[in-house]
Amino acid sequence: MKIQKHILGNREGWDLMSDEYQANSEISLEDVHYSPLSFGEKTANLIGDITGKEYVELGCGGAQNSIALAKSGANVTAVDLSSNQLSHASSTCEKLGISVNLLQANMQSLNYFPDNKFDGILSVFALEFIEDIDIFFSESNRILKKGGVLIISTTHPLGAFEWDSEANNLSVTDYFNPPIEIWREQGQSNPGVTYFRTIEELFSKISENGFTVKKLMEPKPLGPNNENSSPYKGSYWTEFRDRLHSVPFAVVIKAIKG
Ligand SMILES: C[S@@+](CC[C@H](N)C(=O)[O-])C[C@H]1O[C@@H](n2cnc3c(N)ncnc32)[C@H](O)[C@@H]1O
């Protein structure tokens, strides 16, 4: 099958960005993160008891969330497109003696997994790199058991717009048609693509593909005195602090199959 150009670009881009992203983000291995400088699963309580459950993380990056899930007792498979992100994941797992099944694959179509395999799917800041979310949600439904849980954190639609750091405000041109971002790291041949979706589009696509949405959150960052307790922080994020405090960065959705 021909690999779409933007998939090649996103893979190349993440291979190039991986070392810097991992060095400048401080990502917890104890708590699942959903949004920068904000609270994680220990506060959000979306996942509950996962002892002995089969979980898959899609777009796992350095697999910190997968490691946190594995520490909570789940059997975890972690999928990512980028071999450099996966080599960070594999060295962390090895260092900690934690077993996570790492897989290099495209998460748009999940045809490498059988039907009804998983109790839960987690995907944090990866859906925005997928062009066709209809295929993604229908495939997610197929690989989940009945009653299985889908937890998605993805870039908020307002993330598509420019922040004016002098005026401390956001220039929203057309919320209803958020622009697609085409990006290139230095030395990258195929461009990467980031897609933004309105909340209505996300909600509709999830519901139309056989899920019931149970919870939707736009997490605020923690206050300055608590920021250190966030499971997702570091210099990669602190430069965006003003923006993060004014405009949601993530939309987090919990949905159930069936
Ligand atoms: C912003 S990082 C997030 C990584 C991790 N979830 C985290 O929160 O740290 C996005 C990840 O999605 C991966 N990715 C992008 N497109 C993908 C695709 N089509 N299939 C699988 N992974 C993809 C990238 O390689 C990258 O590791």
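The following conversation goes through a predicted model and asks what lies behind the words used for its parts.

Colleague: What makes A255 a buried residue?

Modeller: A255 has 25 other C-beta atoms within 10 Å, and a residue is called buried when that count is 20 or more, so A255 is buried. The residue lies in strand β13.

Colleague: Which residues are in contact with A255, leaving aside its neighbours within four places in sequence?

Modeller: They are L150, I206, F211, T212, V213 and K214. For V213, which is 42 residues away along the chain, the C-alpha atom is separated from that of A255 by 4.1 Å. L150 in turn touches A255, and also I121, S140, L144, F211 and K257, again without counting residues up to four places away. L150 is also among the residues with the most contacts inside the largest nonpolar core, together with A63, L69, A78 and V100, and that core has 54 residues.

Colleague: Why is N45 called exposed, whereas A63 is called buried?

Modeller: Exposed requires 12 or fewer other C-beta atoms within 10 Å, and N45 has 9, so N45 is exposed. A63 has 27 within that distance, against a limit of 20 or more for a buried residue, and is therefore buried. N45 is found in the loop between α2 (41–44) and β2, and A63 in the loop between β2 and α3.

Colleague: What is noted about the phi values of N45 and A63?

Modeller: Most residues other than glycine have a negative phi. Phi of N45, however, is near 55°, a positive value in a residue other than glycine, and phi of A63 is likewise positive, near 65°. A positive phi, near 105°, is also found at G73, which follows α3.

Colleague: Why is strand β2 described as largely enclosed by the rest of the structure?

Modeller: Strand β2 covers residues 54–58, and four of its five residues are buried, so the strand is largely enclosed.

Colleague: How do you know that β2 pairs with β3 and with β5?

Modeller: Pairing requires at least two bridges between two strands. Five bridges join β2 to β3 and three join β2 to β5 (residues 118–124), so both cases satisfy the requirement of at least two. β2 and β3 run parallel, as do β2 and β5. Individual partners can be named as well, since L58 has V79 in β3 as its bridge partner, while V56 stands opposite I121 in β5.

Colleague: What makes β4 and β11 the edge strands of the sheet?

Modeller: The sheet is open and has seven strands in the order β4-β3-β2-β5-β6-β13-β11, with mixed pairing. β4 (101–104) and β11 (211–217) each pair on one side only, and they are the edge strands. From one strand to the next, the twist averages 15°.

Colleague: What makes α3 a largely enclosed helix, and what covers its buried residues?

Modeller: Seven of the eight residues of α3 are buried, so the helix is largely enclosed by the rest of the structure. The buried residues are Q64, N65, S66, I67, A68, L69 and A70, and their cover includes β1 (26–27), β2, β3, α4 and β5. Helix α3 (residues 64–71) lies across β2, β3 and β5, and runs at about 175° to β3.

Colleague: How is the packing of α1 and α4 described, and which residues meet there?

Modeller: Two packed helices are described by the angle between their axes and the distance between the axes. For α1 and α4 (residues 83–96) the angle is about 35°, and the axes are 7 Å apart. W14, D15, S18 and Q22 in α1 meet S83, N84, Q85 and H88 in α4. By class, this contact has one nonpolar, six polar and one charged residues.

Colleague: Which residues come nearest to the ligand, and which elements give two or more residues to the shell around it?

Modeller: Of the 20 residues around the ligand, W14, G59, G61, S82 and F129 come nearest. The elements giving two or more residues to this shell are α1 (5–24) and β3 (75–80), and α1 gives the most, with three residues. The shell divides into 12 nonpolar residues, seven polar and one charged.

Technical notes
Residues numbered from 1 in each chain as written. Predicted model: local features only at pLDDT ≥ 70, side-chain atom pairs only at ≥ 80, totals over all residues. Core = buried A, V, L, I, M, F, W, Y, C linked by C-beta atoms within 7 Å. Contact = placed C-beta atoms within 7 Å. Near = placed C-beta within 6 Å. Nonpolar A, V, L, I, M, F, W, Y, C, P; charged D, E, K, R; others polar. Axes fitted to C-alpha atoms, helices over the stretch in contact; angles between N-to-C directions.
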